[in-house]
Every structure is written in structure tokens, then in C-alpha cells.
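Work through the exercises below with the coordinates open. Try each task before reading its solution.

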Amino acid sequence: MAYVYARVNKHTLKFIRTQRNISFEYITRISKFTRDKVEQWENIESDKWPTINQAKALAKCYHVPFAGLYMNSEDINVKHLPRISNKRTLVESVNDESAINLAIMDLIYARDYYMEVKKAFGETIPKFDLSLLGNDIFKWSAAIRNYLGFSIDEQCKLKSTRKLYLYLREKIENKGIFVQCFEGVAPEIMRGVAIYDTEVPIIGINDEDRYPAKIFTMLHEIVHIIKRSSSMCNEINNTYLGDAEEIFCNAVAGEILIPTSYILLDYDGLGESDFDLIKIDKIAKRYSVSSEVTARRLLDVGICSKEWYRKVSEALNEKFFREKEEAKLQRLENGKKGIPRNMPREGIDRTSSDMCRLLVRGYSEGFFDKSDISTCVGIKVKHINGFIGEVLKWFRQ
């Protein structure tokens, strides 16, 4: 059988791998290519070359266009990883940071592309200029809500956690922060990242997370941005033990979502015995947040004890996995392999709100075609009409 080999630039192969801090362990795990094979493809003295399909698989693994493998390294815009403080709790089984490095670089390139499109359309990006001092959780929470224009009344009108996620994401982006989801990293490894920049800071959110976690992550990371720090995080529940800045970010995020004053106004005088799972779910639904965050807030304001919170957390986890298994069994009984995915919505949820708007504007003006949008939001061309239709609804509301 004759193979068609890709005469890629060997120096460029090595350049991209090293600049993006991609380990051979990661390459083998993702592409199944051994270290020896990749090193031969990189070695200019070797007569070994990848096939077309192998080169495409390598480009996908490196998160670069296939055509980029043929370019000279000096012509490739490969940025250096920024310095980011690791605020994550230790995960013993994870030693390889390649997926995290790629996720961070993807966020930076997405932000840079967004800025280029804004400039091409003659639009300006607001300057993020909120500065806060001290460590008063209540002052920070009130100041952030006021700065974003994020009112409790509006929050309570939203009928789902997805709507709150999109609403809050747009509020944050309107203040000059680029908010985008990243992929390829498990939530327990990295839930969110803040990349501070004097021009356009970045908040990265794990695409695999549920909406309530994404909401909390956005608010957690904006506190890092206000502190002018770049940090990667994976813990969103702890407000007592661990890194001081993480504790503060979590406390502020919780206070923003369900202010202490509202909890005490409605539930002061009640004890922990008054809060079962049904009651907690009802409060969570009112604020369009998770039951986990609600339970945590009842602990934080002193209404409920740590032991109560521990038991409730266990019960909520059991409930989550039980409902997940029940839904799986129900699908099997109905002869379905899974819940149909809404690809247009998935594209919208992972992509910056303002970038979604720019893509639809560019399409209407002939600046983008459906293939361009497909590449940017990560869904197939056949779903682009649905994507455009949903984004257009934003302008009719």
C-alpha cells in the first residue's frame, strides 16, 4: 500500500511543540504516536515523515492549523505562556500540564482574534477599570454588582441557570473582559483561569462544567482580575481552608450570588432543621444558582453548621448521581442512546457573547462565511443556521 507523506517543516514541528510546552506523554496519549516516532519527524537528519493523516492528527493535537506545519517557524505567531499563579488544589494523578498549557494558549489566541475583529469593524472595547482595596467581602460584592449593573431583581427574573450564565457573561464582557470557555481539561483539574492584561483581561471557564459552576467561576475569576492577578483555579466551594486569595474570591462570589442581607431578611430565626433538600432547591431556583452554592451560603452566614453542610453536600451529590443514572436508564428503556445535543447552543455557550454577535454581524455583511463561523465556535457548518438564529434572538429581546 502506497502512503502519501506530508513534507512538513521538521524544525517547525519541534518549534510548536516546545513553545507550547507539549509533552511527549500528552502527544502519545492524544494521538497514539510514540516519542521515538515524533522525534524522527522532527529530526532534520531523519528521512522519516508523517503521512498526511498523521500530520493532520499532530496538528489537531497541537491545536494549530494543518497548513501551519509547512510554514517557517519565524513566520508563525507562537506566543509564550504568560506567568499564571497556580491556585489549584493538588491532584495527585496529574503531572502533565500540556492540556492546561494548550487551553491557556487557545484562550489567548481567541482573545487576540476577537480584538482584531473588533478593530476591523471599527468597534472599541471598553476599558476594564474597576479597582478595589481591602478585604471587606460585603464592600467588594456590592461594588462588583454595581459596576456590572447586576441587580438581584434581574437575577430573580431569570428562569434558568443557563440564562443567568449568559446574562452575567454579557455583563462582564460589556466591561472589557473577554470571557471564553476552554476545552480538553477536566473540571477537577482546572475549573477556571484569570489572565490579567492591561488592555483586555481574560476569564476562562471550563466548558465541561455545569452552568451553576460556570457562573460561580466567572465571579471568582473577576475578583482575581480586580486584584490584577493571573491565576488558575479548581476549587469553588472552600471558604475556610487553603490559599487566602482563593478563600476571598470564593467568599465574594458567594456573596454576590446570594447576598447575606437577603438570606437574613428571609430566613433569620430559622435553624438548620428547617432546611431540607426541597427547601434548598427552592431557594436555589429563586436565584438561578445551584443547590450546592445555596447550602454553602447558609453555612457562610451562620444559619447552619459545618456538620449540617457536610451531610447536605453528601446528600446533594448522591441525588445528582442518582438522577443521572435514572435518566440514563430511562433513555435505554426508550431505546435512545442519549439526549440529543443542541449544537448551536453548545457553540454559543463556549464562545464569548460579543464574539458571537460579531460573527453574526460579519456574516450579514459578507465578512464571514459559514465555514469561518464553524471554525470559530467549534460546530459543524450544518448547525450554523441554528447558531445565527439563536444569536439574532438576542437583538429582538
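A polar contact is a pair of N or O atoms within 3.5 Å; within protein, one must be able to donate a hydrogen and the other to accept it, and residues adjacent in sequence count only if both atoms are side-chain atoms. This is a predicted model: local features need pLDDT of at least 70, side-chain atom pairs count only at pLDDT 80 or more, and totals for chains, interfaces and linings use all residues. Residues are numbered from 1 along each chain as its sequence is written, and side-chain values use heavy atoms, with hydrogens and water left out.

**Exercise 1.** Find the polar partner of the Q155 side chain, then decide whether Q155 is buried or exposed.

Solution.
- Locate Q155 in helix α7 (residues 152-157). Helices here are DSSP runs (H or I, at least four residues), as are strands (E, at least two), numbered from the N terminus.
- Search the side-chain N and O atoms. The side chains of Q155 and R145 form a polar contact of 2.4 Å.
- Check accessibility. Q155 has a relative accessible area of 0%, so it is buried. The classes are buried (under 20% relative accessible area), exposed (over 50%) and partly exposed (in between), with a 1.4 Å probe and protein chains only.
- List the contacts (heavy atoms within 4.5 Å). Leaving out residues up to four places away in sequence, Q155 touches R145, F150, L164, I256, L257, Y287, S288 and V289.

**Exercise 2.** S288 and N21 both have positive phi. Where does each one lie, and is it buried or exposed, or partly exposed?

Solution.
- Take S288. Its phi is about 55°, although it is not a glycine.
- S288 sits in the loop between α12 (277-287) and α13. Its relative accessibility is 3%, so S288 counts as buried.
- Take N21. Its phi is near 55°, again in a residue other than glycine.
- N21 belongs to the loop between α1 (10-19) and α2. Its relative accessible area is 42%, so N21 is partly exposed.

**Exercise 3.** Describe the surroundings of K32 and H80.

Solution.
- Place K32 in the loop between α2 (24-31) and α3 (35-42). At 64% relative accessibility, K32 is exposed.
- Its side chain reaches the backbone oxygen of R29 at 3.3 Å.
- K32 and A57 are 25 residues apart along the chain, with 9.6 Å between their C-alpha atoms.
- Place H80 in the loop between α4 (52-62) and β1 (85-86). H80 is exposed, at 61% relative accessible area.
- From H80 to Q19 the C-alpha distance is 6.6 Å, across 61 residues of sequence. Beyond residues up to four places away, H80 touches Q19 and M105.

**Exercise 4.** Which residues line the second largest cavity?

Solution.
- Start with the method. Rolling a probe the size of a water molecule over the atoms shows where empty space is left.
- On a 1 Å grid over the protein atoms alone, a cavity is a set of points where a 1.4 Å probe fits but cannot get out; lining residues have an atom within 4 Å of a point.
- Count the cavities. The structure holds two of 30 Å³ or more.
- The second largest has a volume of about 40 Å³. Its lining is I258, I263, Y267, I283, T294, R297 and L298.
- Assign elements. α11 (260-267) and α13 (291-300) each give two or more residues to this lining. The largest share, three residues, comes from α13.

Note on methods
1 Å grid on protein atoms, 1.4 Å probe; cavity = no way out; pocket = protein on both sides within 12 Å on 5 of 7 lines; lining within 4 Å. Points joined across faces, edges and corners; volume = space filled by probe spheres on them.
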